[in-house]
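Trainee: Could you walk me through this one? I'd like to ask about a few spots and hear how you reason about each.

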Amino acid sequence: HPDKNKDPGAEDKFIQISKAYEILSNEEKRANFDRYGDAGESQGYSQHQHRQFHHFHEGFYFDESFFHFPFNSERRDTSDEKYLLHFSHYVNEIVPDSFKKPYLIKITSDWCFSCIHIEPVWKEVAQELEALGVGIGVVHAGYERRLAHHLGAHSTPSILGLINGKITFFHNAVIRENLRQFVENLLPGNLVEKITDKNYIPFLSNWKKENKPHVLLFDHMPAVPLLYKLTAFAYRDYLSFGYVYVGLRGTEELSSQYNINVYTPTMMIFKEHIDRPADVVQARDMKKQLIDDFLSQNKFLMAARLTNQRLFQELCPVKKSHRQRKHCVVLLTGEGDKFAEAYEAFLTFAVANTKDTLKFVHIYNDRQPEFADTLLMDEEKYRGKSVVVILERRNNAGKIAYKTLEEAWQGSKEDNFILLDLLDQLRTDPGLLSSETVLADLNDELAPMFLIRWLYSMLDYISDCWDSLFHSNWREMMPLLSLLFSVLFILFGTVIVQAFSDSSDTRDSPPSEKEETAAKTEKNDASFSKESNSRIPRKGFVEVTELTDINYNSNLVRLRPGHMNVVLILSNSTKTILLQKFALEVYTFTGSSSLHFSFLSLDKHREWLEYLLEFAQDAAPIPNQYDKHFLERDYTGYVLALNGHKKYFCLFKPHRSGDEGGTLGSCEDYDSSLHTEARGKSSCSPGSRSIKNKLHKLSFWMERLLEGSLQRFYIPSWPALD
């Protein structure tokens, strides 16, 4: 094929083979070729030419099987046609049916030599597994491309398994043993329990807890046959299965008690009585049809307990016509020894009178209180006693017709006679069920708790990830590998950037720790000012620029919409202390790209500040210029949040030293968190402590600023900063 073989002559050879196949596969063209030496219908060839070709052809024998490849739909193997799947058929029928039996699906296409190679093995295994109850499907990737992509098949041939709506790919050699083992591995591992003389009594006694009949399979095979596992999967909601290997030591008592023929496979069903089976089937060659017929007739207990709505609907189906009436006899009882005698009498009556049109069930009042209250109408004479109700379901909405026995059920001969008489009358007089009501859906008593369901879901997810990681092909692994490499790249890049950043900080800092301490203590103010204006500060600091006439327009007047400049007011004497405290308070807000941080010198621009504060007289009254303390007004510690685009500002007034919380953030606390290395020379005087306390609770003010809950003071225009 030219798509597979890059040889320049491959295309010509491919055309020749295709033409030969086309001629030999068509009877008319083949006859023309034999007669005239050409497949065309033109008969303008001379007899001489025909004879020459005829003599040449007679010396060779062309076997049609040599060209018998399913390269197109006309010659495709017809054995796969009954298994062909379409997208809607797969979604609407195959996926729901996969909860009852597993499916083995093959993805094939035209011009696929590997598909031809596995065809004999596939035919044999498909026929064998289909007889055991496995669903078989074939998807033609050329015609059902959407379904092939939905299944995750990116190459042909591909074989996959489908069970419980989950897809699993087959990755081993296509031989009979591997395919059988693959199907067996799809099934859950706890479907069939191994039974011996030691555990058969506890196994059969679980009928009351599980509310299911129990099935024992006796066979001379050491491992559980695949047919039994598939059967157990199909009926897992109705029956519990156990397997007895009769050739194993430790099963003699079990085989002897139930009189088992060790040479013939035997299947027994146990219901309410574990000392004797309710039904038995024996056959040398146990077929699927025989097993299905046997189990479908014994799916329920003789007097099953209604534990959920699905079971109620199956045991008591809706009336379809007057000729298909089905009635349910319900025993409303309780748990414990007090009600045991009444239940045993009801069970005995059910065994003697069960028919196709009559089912016997019981229900616990305390577990289904809404159901019981609806039927008993909260009558006091029935409280704490067992009651029998005969009902007929009228529709799927919960409407029923029913009749309650007038007296409580005690299981006496008189009770049996009254109930039997009512059932006889009911066959001829359906109007005997005179009461009607609507029942709510039953609670699911056997459903696991939410935490357990979540845990099971998590385990299934981990199992799927593990299977995908170790058994998927490269194309299926690409999304996971892409995500993994992206995470590793981001982590590696972060480490490299951090390493270069740390090395840059190391080169900038002095080599000696003692020299570093000395330099900081001698040039604290100068170094801080240089760092804040020339480069990005180290971790724990904030880049704060001085607002001057040079950068006034760019940092305020022409500030982009949505951006704000947070300006700290300080003086030369308080510059170092306030800047350090300011950086500590606003550090957590530096992640916002819309916030810029600056400081303004009060010694240089007092008039500009007082002009702005005139628009916030309520918050910061300006003293009269004739006041003798006019020039002594202390604005250090004020913080302005300036919105240059909308021409407004928000104001933070510093706390006084006597305010609540003024002693918080003391000099010792601050120095230990921000400048541990300079602790010995830090200023802890009362004056420095009061200056720091001016910015106390500035971080809370910043939070309100970002929330937009602060008062705004609008101005007509920004004044010039001289």
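What follows is a chat about a predicted model, taken topic by topic.

Trainee: Let's start inside. Which residues of the largest nonpolar core touch the most other members?

Mentor: That core counts 91 residues. Nonpolar side chains tend to be buried together in soluble globular proteins, so a core like this is a natural place to begin. The two residues that touch the most other members are Leu295 and Phe371.

Trainee: And which element gives the largest share of this core?

Mentor: Look for the element that puts seven residues into it. The largest share comes from H14.

Trainee: Which residues does Phe371 touch, if I skip those up to four places away in sequence?

Mentor: With those sequence neighbours set aside, the partners of Phe371 come from several parts of the chain numbering. One of them is Phe312, and another is Val330. The full list is Phe312, Val330, Leu332, Ile363, Leu391, Leu439 and Leu442.

Trainee: How many residues are in the other core, the one that lies apart?

Mentor: Its members include Val542, Phe589, Phe597 and Phe599. The count for this other core is 28 residues.

Trainee: Back to H14. How far apart are its end C-alpha atoms, and what span should we expect?

Mentor: Helix H14 runs over residues 340–353, which makes 14 residues. At 1.5 Å a residue it should span 20 Å. The model agrees, because the end C-alpha atoms are apart by 20 Å.

Trainee: What do the buried residues of H14 pack against?

Mentor: The buried ones are Ala342, Tyr343, Ala345, Phe346, Leu347, Phe349, Ala350 and Asn353. They pack against both strands and helices. The partners are helix H9, strand S10, strand S11, strand S12, strand S13 and helix H16.

Trainee: Is Ile260 buried or exposed?

Mentor: Ile260 sits in the loop between helix H11 and strand S8. Leaving out neighbours within four places in sequence, its contacts are Phe218, Val246, Ser255, Thr266 and Met268. Its relative accessible area is 10%, and the cut-off for buried is under 20%, so Ile260 is buried.

Trainee: How far apart in space are Ile260 and Asp219?

Mentor: In sequence the two are 41 residues apart. From C-alpha to C-alpha, the distance in space is 9.8 Å.

Trainee: Now the surface. Which residues make the nonpolar patch of about 600 Å²?

Mentor: One member is Leu491, which is placed in helix H18. Leu491 has a relative accessible area of 52%, and exposed means over 50%, so Leu491 counts as exposed. The patch is made by Leu483, Leu484, Phe485, Val487, Leu488 and Leu491.

Trainee: Any odd backbone spots? Which peptide bond is cis, with omega near -5°?

Mentor: Most peptide bonds are trans, so a cis one deserves a look. Pro157 is found in the loop between helix H6 and strand S3. The cis bond is the one from Thr156 to Pro157.

Trainee: What is the phi of Trp111?

Mentor: Most residues other than glycine have a negative phi. Trp111 lies in the loop between strand S1 and helix H5, and is partly exposed at 36% relative accessible area. Its phi is positive, at about 60°.

Trainee: Where is Lys647, whose phi is near 60°?

Mentor: Lys647 is not a glycine, yet its phi is positive. It counts as partly exposed at 32% relative accessibility. Its place is the loop between strand S19 and strand S20.

Trainee: How many salt bridges does a search of the whole structure find?

Mentor: One of them joins Asp275 and Arg276, at 3.6 Å from N to O. Another pairs Glu392 with Arg394 at 3.2 Å; Glu392 is buried at 1%, while Arg394 is partly exposed at 25%. The whole search finds 23.

Trainee: How many residues apart in sequence are the parts tied together by Glu436 and Lys399?

Mentor: Their closest N and O atoms are 3.7 Å apart, in a salt bridge. Glu436 lies in strand S15 and Lys399 in strand S14, so the pair ties together parts whose separation in sequence is 37 residues.

Trainee: Last one: which residues do shared salt-bridge partners join into one network?

Mentor: Here the bridges have partners in common, and that links them up. The network is Glu128, Arg176, Glu177 and Arg180.

Definitions and conventions:
Residues numbered from 1 in each chain as written. Predicted model: local features only at pLDDT ≥ 70, side-chain atom pairs only at ≥ 80, totals over all residues. Heavy atoms only, no water. Patch = residues over 30% accessible without salt bridge, like charges linked within 9 Å, V, L, I, M, F, W, Y side chains within 5 Å. Areas by Shrake-Rupley, 256 points an atom, 1.4 Å probe, with all protein chains shown as cover. Salt bridge = Lys/Arg side-chain N within 4 Å of Asp/Glu carboxyl O. Helix = DSSP H or I, 4+ residues; strand = E, 2+ residues; numbered from the N terminus. Buried < 20%, exposed > 50% of the residue type's maximum accessible area, 1.4 Å probe, protein only. Expected span 1.5 Å × (residues − 1). Contact = heavy atoms within 4.5 Å. Core = buried A, V, L, I, M, F, W, Y, C linked by side-chain atoms within 4.5 Å.
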